[in-house]
Amino acid sequence: MEKNNNFMGTRPVFPLLMSMSVPMMLSMLIQSLYNIIDSIYVSRLGTQALTAVSLAYPLQNAIVSVAVGIGVGISSAISIHLGSDNQEKANRAAVIGLALTIIHCVLFILAGIFITHPFLSMFTDNPDVLESACIYTRIVLCFSFGSLLQIAFEKIFQGIGEMKVTMYMLTAGCIINIILDPILIFGLLGFPAMGVAGAAVATVIGQVCSFLLYVAAYRRKQYAVQLRLHDLVFDRAVIKQIYGVGIPSSIMLLLPSVLISILNSILTAISEVYVAVLGVYFKLQTFIYMPANGIVQGMRPIIGYNYGAGKRERVKKTIRYSLLSAACLMLIGTGLALLLPGQILSLFKADTELMDAGITALRVISAGFLVSSVGLIYAGVFEALGNGRSSLVISLLRQFIITVPLSLILTRAAGMGALGVWISFPAGELCASAAAVFLLKRYEKGVFNPFFNF
């Protein structure tokens, strides 16, 4: 087993980071492309349909947040145990993590049945929008087992450094979604036109197919962790280790859902068009942040393995190169948002009102892209080190503690309207990045500060 994983402790850091990150960046780009294409197809059904999917996003994102959050806990535990040469604990972390994921599947089915309508009815009085949003949300929640199990396997493979496997599986799921979207939404090739429901069904089918492909890939060869039933025991230390990182990570990923719900209620009081703008923005920002998250996903197992092996200098180099790589991506995103906002919004068939509001939003929010690379990378660093609490603090500052109060102050007290909401985004990123630098300097007496000896 050591032969399969010691490359994370021996290969030159930058080439290793790129070999681990680029597959994830490519798969994240494809996934981002799917998210955008999904919204483009739905936008052909009208602004109300786009608004309905935007309202459904918080609960849909809750699935991904829990799955990825717990998956990060599983991946962190696996990589740290492999780095410290504890094969038994690494196997146990993988098996226990899958068992916890199955429990979460049941909870989301119950949420789809009982929570969907009460939750969505808080954000719209339009019966057509509410009906479409409920249909879409119930499908993705009640059939969320594909997404949850797919992501659990994804994080297991990432924890052992098998990034190409996850790239292939993520890509396959997204391609299936992209192919099925127009067929099921508009009723092509003899299928009935399902509208918004078709978009949800296409998403679920893609996720289930991706999960089944992971199972097939695992069964084909022997990997650095083994999934065996006898490892499914009640191990309090392993469960605590998974949830110690996983719960803060899930909360961190749930924050956009909470944030969108609160901001939707603020923006609805101004005009429903701003709700659509916010929904479009969160679709578009994934095209920038998902590739950056690819760097985080490539970085985490390297940091976890070398942290477990006691190789501090390699941890620092990994952080340093990750920061520079993420900053390059954010510069590209900033340039696109500032120079081509109209062209980007035209993909969604934006009318004049949506176009005008959207251009302003993109240009203002993009001011925080570059500085956000610090908060994004440092949050991932703390997850890899097994310190979920510090990661959560950074994320709370990025997407809640600053953004929500500042939005309320600027929109109401200062009378800035929707512009106050857009300004709160870069303000939150700036505060979070400053806090991230401070926390890493204090963590273990600053031994992982990447700017020492730079």
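These exercises work through salt bridges, a cavity, a surface patch and backbone angles in a predicted model.

The model is predicted, so local features need pLDDT of at least 70 and side-chain atom pairs count only at pLDDT 80 or more, while totals for chains, interfaces and linings use all residues. Residues are numbered from 1 along each chain as its sequence is written, and side-chain values use heavy atoms, with hydrogens and water left out.

**Exercise 1. Find what arginine 92 pairs with, and place both partners.**

Step 1. Apply the rule: a salt bridge is a side-chain nitrogen of Lys or Arg within 4 Å of a carboxyl oxygen of Asp or Glu. The count by this rule is eight.

Step 2. Arginine 92 pairs with aspartate 235; their closest N and O atoms are 2.7 Å apart.

Step 3. Locate the two. Arginine 92 sits in helix α5, aspartate 235 in the loop between α10 (196-220) and α11 (236-268), so the pair links distant parts of the chain, 143 residues apart. Helices here are DSSP runs (H or I, at least four residues), numbered from the N terminus.

Step 4. Check the cover. Arginine 92 and aspartate 235 are both buried. Buried means under 20% relative accessible area, exposed over 50%, and partly exposed in between (1.4 Å probe, protein chains only).

Step 5. Extend the picture. Glu88, Lys89, Arg92 and Asp235 are linked in a network of salt bridges.

**Exercise 2. Set out the salt bridge of glutamate 383 with arginine 300, then that of lysine 316 with glutamate 313.**

Step 1. Glutamate 383 meets arginine 300 at 2.7 Å, N to O. This pair links distant parts of the chain: glutamate 383 is in helix α16 (residues 369-384) and arginine 300 in helix α12, 83 residues apart. Both side-chain partners are buried.

Step 2. Lysine 316 bridges to glutamate 313, with the closest N and O atoms 3.5 Å apart. Both lie in helix α13 (residues 312-339), three residues apart, about one turn of the helix.

Step 3. Lysine 316 counts as buried because its relative accessibility is 4%. Glutamate 313 counts as partly exposed, because its value is 47%.

**Exercise 3. Describe the second largest cavity: its volume, its lining and the residue classes there.**

Step 1. Define the search. On a 1 Å grid over the protein atoms alone, a cavity is a set of points where a 1.4 Å probe fits but cannot get out; lining residues have an atom within 4 Å of a point. The whole structure has five cavities of 30 Å³ or more.

Step 2. The second largest cavity holds about 80 Å³.

Step 3. Its lining is Ser39, Leu50, Val53, Ser54, Tyr57, Gly279, Val280, Phe282 and Lys283. Helices α4 (47-83) and α12 (272-308) each supply at least two of the lining residues.

Step 4. Sort by class: five nonpolar, three polar and one charged.

**Exercise 4. Which residues make the nonpolar surface patch of about 760 Å²?**

Step 1. Patch residues have over 30% relative accessible area and no salt bridge; nonpolar side chains (Val, Leu, Ile, Met, Phe, Trp, Tyr) are joined within 5 Å.

Step 2. The members are Ile103, Val106, Leu107, Ile109, Leu110, Ile113, Phe114 and Ile115. Isoleucine 103 lies in helix α5 (residues 87-114).

**Exercise 5. Compare phi and exposure for glutamate 444 and lysine 445.**

Step 1. Glutamate 444 has a positive phi near 45 degrees, though not a glycine. Lysine 445, also not a glycine, has a positive phi of about 60 degrees.

Step 2. Glutamate 444 is in the segment after α19 (418-442), and lysine 445 is found in the segment after α19.

Step 3. Glutamate 444 counts as partly exposed because its relative accessibility is 32%. Lysine 445, at 81%, counts as exposed.

Key. Patches are made of residues with over 30% relative accessible area and no salt bridge: like charges are joined within 9 Å, nonpolar side chains (Val, Leu, Ile, Met, Phe, Trp, Tyr) within 5 Å. Accessible areas come from the Shrake-Rupley method with a 1.4 Å probe; for residues, only the protein chains shown count as cover. On a 1 Å grid over the protein atoms alone, a cavity is a set of points where a 1.4 Å probe fits but cannot get out, and a pocket is an open set with protein on both sides within 12 Å along at least five of seven lines; lining residues have an atom within 4 Å of a point. Grid points are joined across faces, edges and corners, and a volume is the space filled by probe spheres set on the points. Ala, Val, Leu, Ile, Met, Phe, Trp, Tyr, Cys and Pro count as nonpolar, Asp, Glu, Lys and Arg as charged, and the others, Gly among them, as polar.
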